[in-house]
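Trainee: Could you take me on a close look at a single part of this model? I'd like one strand followed outward into whatever surrounds it.

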Amino acid sequence: MLGPGDDAALVAAPDGRVVVSTDLLLEGRHFRRDWSSPYDVGRKAAAQNLADVAAMGAAPTALVIGLGIPADLPVTWLDGLTDGFRDECVVVGASVAGGDVTRCDLVVLGVTALGDLGGRAPVRRDGARPGQVVAVAGRLGHAAAGLALLDAGVPARTEALERAVAAHRRPCPPYQEGPRAAELGASAMLDVSDGLLQDLGHVAAASGVRIEVDPQAFAVGEPVLAAAKELAADPLEWVLTGGEDHALAAAFPAGVRLPASWQVVGRVVEGEGVLVYGREMGRGGWDHFR
C-alpha cells in the first residue's frame with residue numbers, strides 16, 4: 001500500500017494476521033560472486049524467504065531487505081540484484097516494500113518476508129500424527145548436485161549439468177503448493193532448506209512422532225543423475241540430505257487424494273526420529289555453524 005520512500009512501509013493484511021520470516025545471506029557463506037550473478041543472488045535471496053512463508057500455508061505479500069555492501073561494488077551489480085528481487089516477487093505477486101543499505105566489507109543480505117493466510121490456520125511443524133503420509137512438492141537434490149559440481153570445478157559440459165548448476169544459483173520453490181496443501185488438510189509442513197532428512201527431523205521432534213522414508217519413492221531428476229555420474233557420487237544422498245532446493249514437505253491424512261504435484265515419500269508412525277528404509281545414513285544436511 002505504501003512502498004519505499006518513507007520511514008516505514010504500509011502492507012495490507014486482509015486476514016488480520018501476518019506471517020513473518022527472515023534470513024541472512026553472507027557472501028562466501030551462502031553465495032559466491034564468482035559463482036553466481038547478482039541477478040541469481042537476488043532471486044535466491046528472495047526465494048528462500050518467500051518459500052518459508054508458503055510453508056506456513058500463506059501467500060507471500062512483501063519483502064523488506066537489509067543490504068550491506070562494499071563501497072567499491074559496481075552499481076551494475078546492484079542493478080542485477082534488485083532485478084532479481086523484483087522478478088522473484090513477481091512470481092508470487094509480492095513486492096519489495098523497502099529496506100536499508102550500509103557499507104560492509106562483504107555483501108550481506110538480511111531479508112524479511114511477509115505473508116497472508118487468507119483465513120486459513122497456519123500449518124505448523126507439530127501437527128504430524130501416526131497414520132498420516134508424508135509427501136513432497138518440488139525438486140530435491142538439484143541444488144546440492146550443482147554445488148558439488150561448482151565445488152569440484154567441473155564445467156557444465158551438458159544441458160543436464162548446467163541445469164544442476166542453475167538450480168544451486170536459483171532455486172524454484174513450489175510456492176503455490178503451500179496454500180494448496182493447507183486447503184487439502186496438511187497438518188504439518190516446512191520448506192526443505194537444510195536437507196530433507198534433517199528438516200523432517202524437525203517435524204518429527206515437534207510432533208513427537210517418527211517419520212519413515214521410503215528411498216524407492218523418489219524420482220531422481222536427470223540433472224542429479226548426470227552430476228552423480230560425473231562425480232562418481234550417490235544421487236540419492238543429495239536427494240535425501242541436500243539443501244537449498246526449497247521444496248515443500250508435508251504430512252497429510254492418509255485418505256487425502258493428493259494432486260500429481262505432491263509425491264508420497266513416507267509415513268508417520270509412533271516413535272521418534274527419521275528412519276530411511278533399507279539404508280544406513282545420517283541426517284546430513286546444512287550445518288549453520290559449520
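**A strand and its surroundings**

Mentor: Let's start with β5: V133, A135 and A137 point one way from it, V134 and V136 point the other way, and all of them are buried. Keep in mind that this is a predicted model. The pattern of pointing fits a general rule: in a regular strand the side chains alternate between the two faces of the sheet. Counting by residue, 5 of the 5 in β5 are buried, so the strand is mostly covered, with buried meaning under 20% relative accessible area.

Now for what β5 pairs with. It runs antiparallel to β8, and 5 bridges join the two. It also pairs with β9, again in the antiparallel sense, over 4 bridges. V136 is a handy residue to click on here. Its bridge partner in β8 is A249, and in β9 its bridge partner is Q263.

Zoom out a little and you get the whole sheet. It is an open one of 6 strands, in the order β6-β8-β5-β9-β7-β10, with mixed pairing. The edges are β6 (188–192) and β10 (273–276), each of which pairs on one side only. From one strand to the next, the twist averages 25°. At the β6 end, β6 and β8 pair in the antiparallel sense over 5 bridges, and V192 stands opposite A247 in β8. A helix packs on this sheet too: α6 (residues 196–207) touches β5 (133–137), β6, β7 (210–213), β8 and β10, and its direction makes about 155° with that of β6.

Next, stay with β8 and look at both of its ends. Ahead of it is the loop between α8 (235–241) and β8, which holds E244 and also H246. Both are worth a look in a Ramachandran plot. E244 has a positive phi of about 75° although it is not a glycine. H246 also has a positive phi without being a glycine, with a value near 55°. What sets them apart is burial: E244 is partly exposed, at a relative accessible area of 21%, whereas H246 is buried, at 4%.

At the other end of β8 you find an aromatic pair, and the structure holds just 1 of those. The rings of F252 and W262 have their centres 5.2 Å apart and their planes at 80°, so the pair is edge-to-face. F252 lies in strand β8 (residues 247–252) and W262 in the loop between β8 and β9 (263–269), so the pair ties together parts that are 10 residues apart in sequence. Both F252 and W262 are buried.

For context, there is another sheet in the model. This one is open as well, with 4 strands in the order β1-β4-β2-β3 and mixed pairing. Its edge strands are β1 (19–26) and β3 (95–103), each pairing on one side only, and here the twist averages 15° from one strand to the next. β1 pairs with β4 (residues 108–116) in the antiparallel sense over 8 bridges; G110 in β4 is the bridge partner of L24. Helix α2 (residues 75–92) lies across β2 (59–69), β3 and β4, running at about 165° to β2.

That helix has a partner of its own. Helix α1 (residues 38–54) and α2 pack at an angle of about 35°, with their axes 6 Å apart, and the crossing is right-handed. Among the residues that meet there are P38, Y39, A45 and L50 in α1, and W77, G80, L81 and F85 in α2. G80 is a good spot to zoom in on. This α2 residue is buried, with a relative accessible area of 13%. Leaving aside its neighbours within four places in sequence, G80 is in contact with P38 and Y39. G80 and P38 are 42 residues apart in sequence, yet their C-alpha atoms are 5.0 Å apart in space.

Finally, two arginines for anyone keen on charge–ring geometry. The charged end of R32 sits over the ring of W35, 3.9 Å from its centre. R33 lies over the face of W77, at 5.9 Å from the ring centre, and W77 is one of the α2 residues in the packing with α1.

Terms used. Residues are numbered from 1 along each chain as its sequence is written. This is a predicted model: local features need pLDDT of at least 70, side-chain atom pairs count only at pLDDT 80 or more; totals for chains, interfaces and linings use all residues. Side-chain values use heavy atoms; hydrogens and water are left out. Two strands pair if DSSP finds at least two bridges between them. Axes are lines fitted to C-alpha atoms, for helices over the stretch in contact, and angles run from 0 to 180 degrees between N-to-C directions. Contact means heavy atoms within 4.5 Å. Rings of Phe, Tyr and Trp (its six-membered ring) pair if their centres lie within 6.5 Å; planes under 30 degrees apart count as stacked, over 60 as edge-to-face and the rest as tilted. Buried means under 20% relative accessible area, exposed over 50%, partly exposed in between (1.4 Å probe, protein chains only). A charge sits over a ring if NZ of Lys or CZ of Arg is within 6 Å of the ring centre and within 35 degrees of the ring normal. A crossing is left-handed if the near helix is turned anticlockwise from the far one by less than a right angle, and right-handed if clockwise.
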